Structures are given as structure tokens and as C-alpha cells.
Amino acid sequence: MLNASPISDELASALRNRRYPALGVFLPAGLTSSRTERRTLDALSRQGADVIEVGIPVADPVLDGPVITAAYRRGLDRGTTLPDVLRTVEYAASKGPVVVMAYWETAAQYGPARLARELQAAGASGVMIADLPAAQASTWNRAVADAALPAPRLVPRDTRQKQLFPLCTAASGWLYAPAAHSRTGYQGPVDVEALAEFTQRLRSVSSLPVVSGVGISTPELAQHIAPLVDGVVIGTPVVRALASGNRHEAEVLVSGFAAALRPATDGTVDG
């Protein structure tokens, strides 16, 4: 097995040694005022979010659907900068593990080494570049290694077996297995059997925890996927509610997903 690097321990331990899969909840930085954002983070943590994913706004998030794309553009229109994101990360980290979701555009703009160093200093438990170009992977890997910052990797479902080994070797923290071949916000059917086969392939080459997102649109679907993974990530349903100013709806959603991931006899929330 691979990925025994000590820098992965903090994030991986948030997913291992649990009675049930962790719930990750995505929040795009800059969607609301900083004061409202902090209240939102408080609420998400209280309702069962084990891991917070903070998204750095970009103009063209090629892997995201219309809801998150609009949220990112709203953040940019509000003038959200990297220092703003760092403050969001710092506050979220006071609640629990934080994974930053970014696009390579951001790393290229600020410099990979600077981005990794400043996110680590802000308290991030990891940072995942969703569209990491193969030609830039070694540069990014050096940057996160120098910053002692775990670097989860999104592994496309069509990745060939011979490509899994080098891709997973470079990862730390977790491996992200999309539940659907789609952009975020997908609400159609999910082939759970195919996802099960893919997670088994990942586990055959890596000891890292496996999390899944993209297309896990209901608590019922999360419950079906729970036995396959170490964590489930939700984003679009929560972002849609927050973007409309309905934090109560977002809280209800998070609570529902958290309950779906717990054993029926367990009324507690870890984290």
C-alpha cells in the first residue's frame, strides 16, 4: 500500500477510526459577508459537518455546475481576495478540519508555493486542485510537500489502471472519487455498482481514505453510498439554499445528510 506519508495523518485521521463516513460540506468563500459567513460555518458545524470544504472563487470553474459557478462569480463580484479566503479558512479551521478546493488558475496567479504556504499557515488540513494539469503536477507536489500540506487528489472515473498508481502515489489526505460523470450539481441517477468497483480499484493501490461527491444529491443516495467510502461531500444543495438567503434550509439539509450517514442506532455526531 502507498501513502504512508506523515503529512497525511491529520486529514486522514479525520476520516479513519470512525463508526460511519464523515460528512464534508462545501462552502464557496465570499458568497456572503464575513459576519454571515462565520454564522453559517457555526451552523454547518453544529448540524453535523465533519469537514468543511472552502472553495476559492474563480471566473471559469470548469468542473462546476451553474449553482456553484454563480456562487463563485458572486464572490468575485463582492471583491473576494486570497486574504479573504485565508480568513475564511482560519475561522473554519477553528471548527474542525478544512480542505480548500481550488483551480489551477488560482495557483498560477498567486504562485503554487505561496498558495500552499499561506493556506497551511491559515490552518488548512489540505488543498485539492480540482483541475491539476499533468504538466504542473510535479510543481504542485513540491509546493505542498515544502509546506507540509496534504494534497488530496480528484481521480477521474475513467482513469486507467496503469495511471492510478502514479496519481495516487502523489496524493495525500484523501482520494476523491466522483459519484457521477458530470459537473457539480448533477441530480440524475448514480451507478452505485460502478462507483463501488472504482473505489475498490483506488483501495487496491492506496491506503488513503476515499471520499465521494458530485451527484450525491439526496440523503437517501448518501446512505446507499456510505458503505463504499470514508466520506461523502455535499455542495450544490447547500450552496443553492445559502445563495437564496435561506440558511435554515441549508442547516436542515446538512442535518439530514449527517443523519443518513450514521448507523440507525447512533444518535451522536462525531467531530
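**Notebook: helix packing, core and loop residues**

I looked up T106 before anything else and found this residue buried, with a relative accessible area of 2%. The model is a predicted one, and I read each entry below with that in mind. T106 lies in helix α5, which covers residues 104-110. I then listed the contacts of T106, leaving aside its neighbours within four places in sequence, and obtained I56, V58, G111 and L115.

**Entry: the nonpolar core**

I next asked which residues touch the most other members of the largest nonpolar core. The core has 92 residues, and the ones I noted for this are V89, L119, W140, W174 and L202. Helix α4 gives the most to this core, with six residues. I followed V89 further and, setting aside neighbours within four places in sequence, recorded contacts with V54, V98, V100, L119, A122, G123 and A124. L119 thus appears in my notes both among the contacts of V89 and among the core residues that touch the most other members.

**Entry: α2 against α4**

I turned to helix α2 (residues 34-46) and helix α4 (residues 82-93), which pack at an angle of about 30° with their axes 10 Å apart. Because angles under 35 degrees count as roughly parallel, I entered α2 as roughly parallel to α4. I noted the crossing of these two helices as right-handed. On the α2 side the contact is made by E37, R38, L41 and D42, and these meet T88, Y91 and A92 in α4. I sorted the residues of this contact into three nonpolar, one polar and three charged.

**Entry: α2 against α12**

I examined a further partner of α2, namely α12, and found the two packed at an angle of about 25° with their axes 9 Å apart. That angle makes α2 roughly parallel to α12. Here, too, I recorded a right-handed crossing, in which α2 passes α12. From α2 I listed T36, R39, T40, A43, L44 and R46, which meet R247, E251 and V254 in α12. The residues of this contact divide into three nonpolar, two polar and four charged.

**Entry: helix α11**

I checked how far α11 (residues 236-243) is enclosed, and found six of its eight residues buried, so the helix is largely enclosed by the rest of the structure. I wrote down the buried residues of α11 as T236, P237, V238, V239, A241 and L242. What do they pack against? I found β1 (22-28), α2, α3 (66-77), β8 (231-234) and α12 (247-261). Just after α11, I noted that G245 takes a positive phi of about 85°.

**Entry: positive phi outside glycine**

I looked for positive phi values in residues other than glycine and recorded A148, with phi near 55°. A148 sits in the loop between α7 (137-146) and β5 (153-154). Its relative accessibility is 43%, so I entered A148 as partly exposed.

I also recorded V214, a residue other than glycine with a positive phi, near 70°. Its place is the loop between β7 (210-213) and α10 (219-225). Is V214 buried or exposed? At 14% relative accessibility V214 counts as buried, because buried means under 20%.

Note on methods. Residues numbered from 1 in each chain as written. Predicted model: local features only at pLDDT ≥ 70, side-chain atom pairs only at ≥ 80, totals over all residues. Heavy atoms only, no water. Axes fitted to C-alpha atoms, helices over the stretch in contact; angles between N-to-C directions. Helix = DSSP H or I, 4+ residues; strand = E, 2+ residues; numbered from the N terminus. Parallel < 35°, antiparallel > 145°, perpendicular 65-115°, else oblique. Left-handed = near helix turned anticlockwise from the far one by under 90°. Contact = heavy atoms within 4.5 Å. Nonpolar A, V, L, I, M, F, W, Y, C, P; charged D, E, K, R; others polar. Core = buried A, V, L, I, M, F, W, Y, C linked by side-chain atoms within 4.5 Å. Buried < 20%, exposed > 50% of the residue type's maximum accessible area, 1.4 Å probe, protein only.
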